Amino acid sequence: LVVLAIMAVVAAAVVIVALPGDAEAARAEARRLAALLESAMRDARASGSSIAWSAERQGYAFWQRGDDGDWALYPRTSLYRSRAFAGRTELTRVRVDGRDLAPGERVVFSPQGLRSVLAVTVAGAGEQFTIYGDVIGRVSLARVYSD
């Protein structure tokens with residue numbers, strides 16, 4: 001019985017260590033979003049078709065122009081499908097050229113480039129990360145340290 005109890009404690013410890021916490025989930029979500037934004041900028045240039053991105057507190061979506069010229073969500077099977085954040089991760093701020101993005105507003109990645117400076121803050125479990133996108137298509141990710 002003692003051996004079984006020790007094995008149960010060790011197994012529980014392994015599960016706790018193996019599961020990412022909310023801070024790691026925020027970091028992973030920020031990395032994924034940065035990679036998707038960079039990919040969308042690159043794909044818009046390569047394809048000659050604009051791609052748009054919209055943000056909500058708990059997730060985000062990418063948009064493509066339909067045959068009728070209206071914006072339509074990418075299908076669920078696409079790399080650019082709509083996504084919800086894991087855990088307590090959320091978007092706390094989205095700024096374009098120094099102003100907050102209005103609810104429902106989209107950021108458009110045109111074939112000619114972003115034409116704006118983008119700053120997106122992803123937060124969760126006391127961790128904050130800011131994704132920066134610039135007019136020439138570079139995307140960077142920085143951890144925000146609080147004082």
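What share of the 147 residues in the chain is buried? In this predicted model, buried residues make up 36% of the chain.

As for the overall layout, the chain has 2 helices and 10 strands, and the order from the N terminus is α-α-β-β-β-β-β-β-β-β-β-β. The radius of gyration comes out at 19 Å, against the roughly 15 Å you'd look for in a compact globule of 147 residues. Along the principal axes, the C-alpha atoms fill a box of roughly 70 × 40 × 25 Å. Of the contacts with a separation of 6 or more, 54% link residues 24 or more positions apart.

On the outside, about 8,900 Å² is exposed, with carbon and sulfur atoms supplying 57% of that. The chain carries 18 positive and 16 negative charges, and their mean positions sit 2 Å apart.

Now zoom in on strand 2 (residues 59-65). Since 5 of its 7 residues are buried, this strand is largely enclosed by the rest of the structure. Here are its pairings:

| Partner of strand 2 | Bridges | Direction |
|---|---|---|
| Strand 1 (residues 51-56) | 6 bridges | antiparallel |
| Strand 3 (residues 71-73) | 3 bridges | antiparallel |
| Strand 4 (residues 83-84) | 2 bridges | antiparallel |

Some individual pairs help you find your way around. Ile51 has Gln64 of strand 2 as its bridge partner, and a hairpin of 2 residues connects strand 1 to strand 2. Going the other way along the chain, Arg65 is bridged to Trp71 in strand 3. The hairpin between strand 2 and strand 3 has 5 residues in between, and Gly69 in that turn shows a positive phi of about 90°. Over on strand 4, Arg83 stands opposite Tyr60.

Key. Residues are numbered from 1 along each chain as its sequence is written. This is a predicted model: local features need pLDDT of at least 70, side-chain atom pairs count only at pLDDT 80 or more; totals for chains, interfaces and linings use all residues. Side-chain values use heavy atoms; hydrogens and water are left out. Helices (H or I, at least four residues) and strands (E, at least two) are DSSP runs, numbered from the N terminus. The radius of gyration is taken over C-alpha atoms; the globule rule is 2.2 Å times the number of residues to the power 0.38. Buried means under 20% relative accessible area, exposed over 50%, partly exposed in between (1.4 Å probe, protein chains only). Contact means heavy atoms within 4.5 Å. Accessible areas come from the Shrake-Rupley method with a 1.4 Å probe; for residues, only the protein chains shown count as cover. Lys and Arg count as positive and Asp and Glu as negative; His and the chain ends are not counted. The place of a charge is taken as NZ of Lys, CZ of Arg, CG of Asp or CD of Glu. Two strands pair if DSSP finds at least two bridges between them.
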